[in-house]
Amino acid sequence: METSIYRNTCPRNCFGTCSILSYVENGKLIKVSGDPKHGYTQGRLCAKGYAYTQYVYNPSRLKYPILQMPRGSGNWQRISWDQAYTIIAEKLLELYNRYGSNLAAGYNKFSGNLGMLHYAVEGMFNSIGPHTKPIGNICASSGLQAVKASFGHVVSPNPEHMAGAKLIVIWGANPAATNIHQMKFIFQAKQKGAKIVVIDPILTETAVKADLYIQIKPGTDALLALGIAKLLIQRSCSEDFSPGNTVGWKKFKNYVMTRIALDSVCRETGIKLEAIEELARLYATIKPAATWSGLGMQRNENGRDSIQAINSLVAMTGNLDIPNGGAYFMHDDIDDFPLALSNHPEKKHPYVEASRCINNIDFALSANNLDDPPLKFLWIASRSPFSQDLNIKDWEELFKRLELIVTVDLYMTKTAKYSDLVLPAASHFEEDDLHVSYWHHWLSINQKAISPYFEAKSDLQIARELTRKLNELSPGFSTFPAELEPVDWINKELTPDIKDLYSLNSYEDLLAAPHFRKKDYEVPAKKERFYFYSPDLESNLFSRPSEYQSDEDCSYPFRLLSPQSLLKIHSQYESLTWLNPEPEETIVEINDEAAFEKGIKEGTFVSVYNKYGSVKAKATLNPYLPIGIVRVNQTSDNSINQLIVNHLPAVRSQSSSNFYDSHVDVMRWDETYE
Ligand SMILES: Nc1nc2c(c(=O)[nH]1)N[C@H]1C(S)=C(S)[C@@H](COP(=O)(O)OP(=O)(O)OC[C@H]3O[C@@H](n4cnc5c(=O)[nH]c(N)nc54)[C@H](O)[C@@H]3O)O[C@H]1N2
Ligand SMILES: Nc1nc2c(c(=O)[nH]1)N[C@H]1C(S)=C(S)[C@@H](COP(=O)(O)OP(=O)(O)OC[C@H]3O[C@@H](n4cnc5c(=O)[nH]c(N)nc54)[C@H](O)[C@@H]3O)O[C@H]1N2
Ligand code: SF4
Ligand SMILES: [Mo]
């Protein structure tokens with residue numbers, strides 16, 4: 001039997017953006033493997049990647065458009081695509097007539113598929129004119145702001161060069177779970193004698209591989225970095241540092257020397273002076289040092305300060321502009337591209353000038369506050385807010401107000417279950433796309449390798465077909481160029497500049513191999529201008545729960561951390577038995593002494609609760625966890641996010657969502673009243 005091989009790209013919100021070789025026989029995907037031509041992933045996938053054949057043919061995948069009447073009843077009825085488009089188009093037209101514009105219609109989209117053609121959702125909404133538009137990045141804004149404040153723009157060195165570092169300091173990232181390809185480069189460095197340091201409140205899978213593990217109280221990394229800076233200055237280790245092309249060194253130095261007291265650093269961070277001195281010694285004596293600020297560190301109120309302070313430490317140790325050194329976070333190579341779908345011009349409206357933007361960090365609350373006109377129609381794609389967002393009660397309230405909720409997904413998520421209409425999305429093997437990473441610097445193609453599963457369609461195909469229906473019912477309603485094929489959109493991204501940047505002659509080159517961005521990353525920050533961190537004198541760098549939470553919110557004894565886990569991507573992959581053989585349970589890890597005091601034993605059911613609600617979970621005791629912290633996994637149906645409430649005002653729109661700033665208590669389930 002003949003086997004055809006295609007190039008795909010894993011589209012998940014993950015550092016790897018792995019290039020995949022897909023083996024197809026008789027129109028069926030029979031196997032996937034890593035693409036050896038990809039310089040970063042070097043022919044490997046993670047376990048989730050290798051499970052893609054099960055993901056594609058999983059019987060629980062959505063097959064047809066379905067309509068639920070009434071919403072939340074579980075009474076689903078299969079309908080045709082034409083019926084689905086008619087319901088949606090008639091509602092959009094009716095709302096336009098009722099309110100005089102499309103502002104009552106909006107969408108919420110995040111990170112299910114990061115391919116460039118998935119901006120079809122944005123393009124489709126732009127094409128109907130001003131609407132209600134989500135902005136902001138709940139995952140990474142604080143860190144991106146910090147990197148911009150330090151460098152003036154977003155920069156992150158080539159991660160392959162970490163293999164040549166002699167010291168690797170990982171703050172608040174857990175690559176052994178979240179970025180397994182990076183572990184290869186970390187181990188290569190280690191084999192050559194590099195020292196690895198991990199700073200994390202949890203003894204993670206990465207931390208156990210470190211030479212030095214520093215257990216820090218969440219939210220206090222800025223203080224630790226400044227404490228180290230003080231030691232370096234006191235010991236004249238930074239004397240040969242030349243401020244050169246930097247701004248604010250004197251002010252920073254003065255701040256550190258006058259405002260940072262090492263005894264309070266130890267007290268607030270929970271770290272012994274010996275450990276702080278040891279890290280200072282490593283920074284002072286080993287070069288090049290690669291420093292990595294993880295996304296986990298910026299899910300609290302101090303995230304931005306932490307990353308800026310750490311970047312300053314990197315600069316003062318002379319590690320910015322040397323090969324194999326540098327400050328890692330993530331980059332924005334994607335902004336080199338025209339992003340033709342996302343930037344498809346908004347259709348002009350006679351008097352409404354532009355779309356109404358609401359910030360994703362508080363999407364549901366902001367949407368509930370809209371009244372002129374209220375939000376009545378919501379399109380959800382690549383997103384499951386009921387399991388992944390915070391402030392879930394606001395989502396419940398919003399759903400009550402909406403007249404039509406359409407969710408496009410591959411699986412029946414918790415959010416889909418509360419929707420009126422659910423449309424089956426194609427998997428990445430069933431569509432064409434183009435991908436860049438936010439971590440490495442490779443561009444790769446995603447080829448359509450198989451026909452869509454049952455009646456599934458790509459987000460782009462849905463945009464094209466809905467456009468036709470809208471224009472059939474109301475000519476000219478949408479300006480979306482429905483006639484363009486996926487390859488046309490890919491070619492729009494491959495401008496002469498992009499072809500030059502990635503050494504491409506044409507689209508076809510990408511069918512042969514992923515291409516590397518040729519801009520030189522050898523020297524990470526290349527004598528960049530650098531702005532030293534100078535917190536204003538009033539700023540409070542101590543571990544503080546969000547100032548936007550009440551004292552009562554913070555009165556519960558355990559800080560709730562719920563970072564990512566190895567065999568899942570957020571709420572995805574729960575039903576893949578190759579990865580998760582048992583039905584996914586909510587697990588709470590608790591320090592054994594803290595558990596003993598509460599009469600909680602290994603494996604018993606407990607209630608994790610605060611004033612916002614309670615989640616039933618199975619307890620597991622972890623003697624390495626600090627007494628004041630519990631760790632809970634992210635699950636789809638019984639999501640711990642029900643307990644995460646944190647309203648940031650609009651002025652804080654540049655922040656990530658503070659997923660790790662909430663507090664809870666835990667009690668035995670048999671002691672609860674339920
Ligand atoms: N397998 C898998 N991989 C993934 C994902 C997934 O769901 N599964 N998700 C992807 C996405 S979207 C993201 S954003 C990334 C995130 O990946 P990472 O950057 O690794 O971030 P997290 O997993 O959120 O958290 C990393 C660590 O930060 C620690 N931490 C929490 N608060 C603090 C603090 O105040 N200071 C310090 N020093 N550490 C702290 C946590 O204990 C945790 O161990 O992973 C991506 N990769
Ligand atoms: N408690 C807690 N909550 C968190 C975090 C945490 O650390 N702790 N991390 C946060 C972070 S870092 C992130 S990035 C967010 C992630 O938040 P989301 O982006 O909402 O997370 P996912 O679970 O990945 O959900 C994406 C959905 O998109 C669907 N999908 C996949 N491909 C496609 C496609 O091609 N088209 C369409 N229409 N849908 C598709 C998937 O099936 C899935 O249901 O979660 C945040 N929530
Ligand atoms: S989940 Fe991440 S590491 Fe795994 S295959 Fe996809 S991009 Fe690669
Ligand atoms: Mo994320």
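In the predicted model, Asp670 is exposed, with a relative accessible area of 58%. This aspartate forms a salt bridge with Arg668, in which the closest N and O atoms are 3.2 Å apart. Arg668, at 27% relative accessibility, counts as partly exposed. Elsewhere, salt bridges that share partners join Lys91, Glu94, Arg98, Lys376 and Glu403 into one network.

A search of the whole structure finds 34 salt bridges. One of the pairs consists of Asp336 and Arg517, with 2.7 Å between the closest N and O atoms. Asp336 lies in the loop between strand 13 (327-328) and strand 14 (356-359), and Arg517 in the loop between strand 20 (515-516) and strand 21 (530-531), so the pair ties together parts that are 181 residues apart in sequence. The two partners are described by separate accessibility classes: Asp336 is partly exposed at 33% relative accessibility, whereas Arg517 is buried, because its relative accessible area of 5% falls under the 20% limit for that class.

A salt bridge within a helix is formed by Arg401 and Glu397, whose side chains meet at 3.3 Å, N to O. Both residues belong to helix 15 (residues 392-401), and because they are four residues apart there, about one helical turn separates them. Arg401 has a relative accessible area of 38% and is partly exposed. Glu397 is likewise partly exposed, with a value of 30%.

The model also contains ligands, and the surroundings of ligand 1 are described next. Around ligand 1 there are 33 residues, of which Asp200, Gly219, Asp221, Lys568 and Tyr660 come nearest. Tyr660 also provides a polar contact, since a polar atom of its side chain lies 2.8 Å from an oxygen atom of ligand 1. An oxygen atom of the ligand is likewise 2.9 Å from a polar side-chain atom of Thr178. The backbone takes part at Ala177, where an N or O atom lies 2.9 Å from a nitrogen atom of ligand 1. Taken alone, ligand 1 exposes 920 Å², and the protein buries 99% of that area. By residue class, the shell around ligand 1 divides into 16 nonpolar, 12 polar and five charged residues.

Ligand 2 is surrounded by 31 residues, and those that come nearest are Arg383, Asp409, Asp459, Ser571 and Asn641. Polar contacts to this ligand include one from the side chain of Ser111, where an N or O atom is 2.7 Å from a ligand oxygen. At Ser384 a polar backbone atom is 2.9 Å from an oxygen atom of ligand 2. A further contact involves Gln634, with a polar side-chain atom 3.2 Å from an oxygen atom of ligand 2. The area that ligand 2 exposes when taken alone is 920 Å², of which the protein buries 98%. The shell around ligand 2 comprises 10 nonpolar, 16 polar and five charged residues. At least three residues of this shell come from each of domain 2 (66-138 + 341-516) and domain 4 (551-672).

Terms used
Residues numbered from 1 in each chain as written. Chains lettered and ligands numbered in written order. Predicted model: local features only at pLDDT ≥ 70, side-chain atom pairs only at ≥ 80, totals over all residues. Heavy atoms only, no water. Near = heavy atom within 4 Å. Polar contact = N/O pair within 3.5 Å; in protein donor to acceptor, adjacent residues only side chain to side chain. Areas by Shrake-Rupley, 256 points an atom, 1.4 Å probe, with all protein chains shown as cover. Nonpolar A, V, L, I, M, F, W, Y, C, P; charged D, E, K, R; others polar. Domains from an automatic or database assignment. Salt bridge = Lys/Arg side-chain N within 4 Å of Asp/Glu carboxyl O. Helix = DSSP H or I, 4+ residues; strand = E, 2+ residues; numbered from the N terminus. Buried < 20%, exposed > 50% of the residue type's maximum accessible area, 1.4 Å probe, protein only.
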